[in-house]
Amino acid sequence: MPRYKRFADASVSEKILDSMFLITIGIGYLFALLNLYYTDQGRDGEPGLSVKDIQLAYYGSHNQTRLGAAINGPMESNLPNPAAKQTILDWINRGAKEAEYHEKVEPIIQQNCIMCHSAESGLPIPHFTSYANVVKLTETDTGATIPALVRVSHIHLFGIAFILFFVGRIFILCEIPVWLKRITVAIPFLFLIGDIFSWYIAKLIPGFAYVIIANGALMGTAFGAQLLTSLYQMWFYKPKSNPVEM
């Protein structure tokens with residue numbers, strides 16, 4: 001770890017290293033937002049990402065099946081035409097029988113879905129490699145399952161915490177009031193934890209989708225403020241004559 005206490009004491013090489021890290025992480029965060037958008041948008045049957053989409057992601061619709069909710073929402077664009085979607089919906093409505101699955105539904109899935117919904121893809125999504133796997137998704141849509149939430153939770157907590165630590169470690173070299181610096185480095189972690197726990201509550205109380213959005217927005221705002229302030233002070237800020245407290 002460097003011994004200097006502010007950016008004015010850092011070498012140009014160190015500034016370049018820190019800057020490239022921050023820029024790369026910033027771009028990665030933008031792509032993460034795009035991934036969130038394309039994953040959850042359209043669940044309510046309308047274009048764009050809405051609070052209703054977030055509610056459906058965690059709480060579910062409770063008035064249709066998981067498979068039906070998927071092909072009526074974000075997965076509809078992966079089907080070749082409306083007739084293919086209707087074939088699957090009709091199969092679900094008629095009781096999701098195995099014989100009809102193999103005759104009418106399986107060819108559609110093999111041609112349009114199996115490239116992602118299989119073990120070979122490595123994606124943490126249901127596998128469509130057998131009737132038994134697919135028929136499980138014809139049950140009532142109750143949103144994200146607890147095992148799925150646990151899997152995503154530990155990935156987010158470990159991965160994002162490391163990112164926030166390194167960005168915060170760079171940010172503390174900024175020359176700003178100490179009280180503001182201490183609050184700013186803590187805020188992203190607090191909202192990250194709040195965001196994760198909100199997922200589980202939203203599975204029981206759909207209105208908590210607003211809390212998920214608020215936590216995510218506030219964490220992103222604090223994260224972005226640290227990143228941009230650090231880049232600005234590294235290259236454009238004229239330092240004070242005396243070092244500041246960390």
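Okay, let's start with two helices that sit side by side: helix 7, which covers residues 146-171, and helix 9 pack at an angle of about 35°, and their axes are 9 Å apart. Before I go on, keep in mind that this is a predicted model. The crossing of helix 7 past helix 9 is left-handed.

So who does the touching? On the helix 7 side, the contact is made by I163, L164, V167, G168, I170 and F171. Helix 9 brings F223, Q226, L227, T229, S230 and M234 to the contact. And what kinds of residues are these, nonpolar, polar or charged? In the contact of helix 7 with helix 9, eight are nonpolar, four are polar and none are charged.

Staying with helix 9 for a moment, that helix runs over residues 209-235, and V211 is in it. Is V211 buried or exposed? Somewhere in between: V211 has 31% relative accessibility, so we call V211 partly exposed. Here's a pair to look up on your screen: V211 and R169 are 42 residues apart in sequence, and their C-alpha atoms are 28 Å apart in space.

Now compare that with another pair, Q64 and T140. Along the sequence, Q64 and T140 are 76 residues apart, but C-alpha to C-alpha they are 5.6 Å apart in space. Where is Q64? You'll find Q64 in the loop between helix 2 (51-58) and helix 3 (66-72). Leaving out residues up to four places away in sequence, Q64 touches A69, N72, E139, T140 and D141. Q64 counts as partly exposed because its relative accessible area is 27%.

Next, charges. Side chains of opposite charge can pair when their charged atoms come close. How many salt bridges does a search of the whole structure find? Four. I'll walk you through some of them.

Take R6. The side chain of R6 meets the side chain of D9 in a salt bridge, at 3.8 Å from N to O. R6 also forms a salt bridge with E175, and there the closest N and O atoms are 3.4 Å apart. That R6 and E175 pair links distant parts of the chain: R6 is in the segment before helix 1, E175 is in the loop between helix 7 and helix 8 (178-204), and they are 169 residues apart. Both R6 and E175 are buried. For R6, the relative accessible area is 10%, and that is why we call R6 buried. D9 is partly exposed, because its relative accessible area is 42%.

Another salt bridge joins the side chains of E100 and R94, at 2.5 Å from N to O. E100 has a relative accessible area of 14%, so E100 is buried. R94 is at 46%, so R94 is partly exposed. And going back to R6, D9 and E175: salt bridges that share partners join those three into one network.

Okay, cysteines. How many disulfides does the count come to? Zero. Look at C113 and you'll see why: the closest cysteine sulfur to the sulfur of C113 is in C116, 8.6 Å away, and that is too far for a bond. The cut-off is 2.5 Å between the sulfur atoms, so 8.6 Å doesn't make it. From the other end, the closest cysteine sulfur to that of C116 is the one in C113. C113 is buried, since its relative accessible area is 12%, whereas C116 is partly exposed, with 35% relative accessibility.

Two more residues before I stop. First, D40, which is in helix 1 (residues 12-40). Buried or exposed? D40 is at 8% relative accessibility, so D40 counts as buried. Setting aside neighbours within four places in sequence, D40 is in contact with L49, D53, I54 and A57.

And then A96. Which loop holds A96? A96 is in the loop between helix 4 (82-93) and helix 5 (98-112). The phi of A96 is near 55°, a positive value in a residue other than glycine. A96 counts as buried, because its relative accessibility is 3%.

That's my tour, thanks for listening.

Notes
Residues are numbered from 1 along each chain as its sequence is written. This is a predicted model: local features need pLDDT of at least 70, side-chain atom pairs count only at pLDDT 80 or more; totals for chains, interfaces and linings use all residues. Side-chain values use heavy atoms; hydrogens and water are left out. Helices (H or I, at least four residues) and strands (E, at least two) are DSSP runs, numbered from the N terminus. Buried means under 20% relative accessible area, exposed over 50%, partly exposed in between (1.4 Å probe, protein chains only). Axes are lines fitted to C-alpha atoms, for helices over the stretch in contact, and angles run from 0 to 180 degrees between N-to-C directions. A crossing is left-handed if the near helix is turned anticlockwise from the far one by less than a right angle, and right-handed if clockwise. Contact means heavy atoms within 4.5 Å. Ala, Val, Leu, Ile, Met, Phe, Trp, Tyr, Cys and Pro count as nonpolar, Asp, Glu, Lys and Arg as charged, and the others, Gly among them, as polar.
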